[in-house]
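Welcome, and please open the model in your viewer. We will go from stop to stop, with something to select at each one.

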Amino acid sequence: KGYFLDLQPTLDFYWTNYEWSGSQAVPTQVERGDSNNAFVVGFILSLPVTATTRFTDRIGGSASIGPALVMRAAFANDDTDPALMASNLASIVSYFWSSGRWFYPTASARLEVYLQQNFTFAFGARGFLQLANLWTDSPDFFDGSILQITIAMLIGLQ
């Protein structure tokens, strides 16, 4: 407390559907059938170092950078052909956990409005870069990266 640099860990939770395209796991619509629809639950644990400054008594900003781990679990969401679904599911899970696809550096910027002590309203943007695209044969450098636009209430515990 009192320093402009701070460690602000976060834990995000999300879910979506993926299918196996033959070479990679790709997001798909929930209606996808043909034993190729996996329900994926993900957790993003990030450990960024955050620099915070105040512009006025009520307005401030922050920027952060650090590592993040994207941990995903996949579950069968279509059992038309159980053997094919098991194969597709195994391929999706293997894809997520191979080649470092679970490591995402993160950076963010936030505008903060201080309402009262330990209670802040914030607008921000946070990006997660899938660094594994540097050493895999991904057709697009930003493939699999994540962009979050946020409106948040920050509550201090001190």
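Is Arg126 buried or exposed? Select Arg126 in this predicted model: with a relative accessibility of 13%, Arg126 counts as buried, because the cut-off for that label is under 20%.

Now add Asp12 to your selection. The side chains of Asp12 and Arg126 form a salt bridge, with N and O 2.6 Å apart. Colour the two strands involved: Asp12 sits in β2 (residues 10-20) and Arg126 in β8 (residues 119-128), so this pair ties together parts that are 114 residues apart in sequence. Side chains of opposite charge can pair when their charged atoms come close.

How many salt bridges does the count come to? The total is two. For the other pair, select Arg110 and Glu112, whose closest N and O atoms lie 2.8 Å apart in a salt bridge. Compare how the partners are covered: Glu112, at 3% relative accessibility, counts as buried, whereas Arg110, at 22%, counts as partly exposed.

Next, go back to β2 and show its backbone together with that of β4 (residues 38-46). These strands run antiparallel and are joined by nine bridges. To find your place along them, pick Leu11, which stands opposite Leu45 in β4.

Which strand should you select after β4? Choose β6 (residues 59-76), which pairs with β4 in the antiparallel sense over nine bridges. A good spot to zoom in is Val41, whose bridge partner in β6 is Ala73. While you are there, turn on the side chains: in a regular strand they alternate between the two faces of the sheet.

Note on methods:
Residues are numbered from 1 along each chain as its sequence is written. This is a predicted model: local features need pLDDT of at least 70, side-chain atom pairs count only at pLDDT 80 or more; totals for chains, interfaces and linings use all residues. Side-chain values use heavy atoms; hydrogens and water are left out. A salt bridge is a side-chain nitrogen of Lys or Arg within 4 Å of a carboxyl oxygen of Asp or Glu. Helices (H or I, at least four residues) and strands (E, at least two) are DSSP runs, numbered from the N terminus. Buried means under 20% relative accessible area, exposed over 50%, partly exposed in between (1.4 Å probe, protein chains only). Two strands pair if DSSP finds at least two bridges between them.
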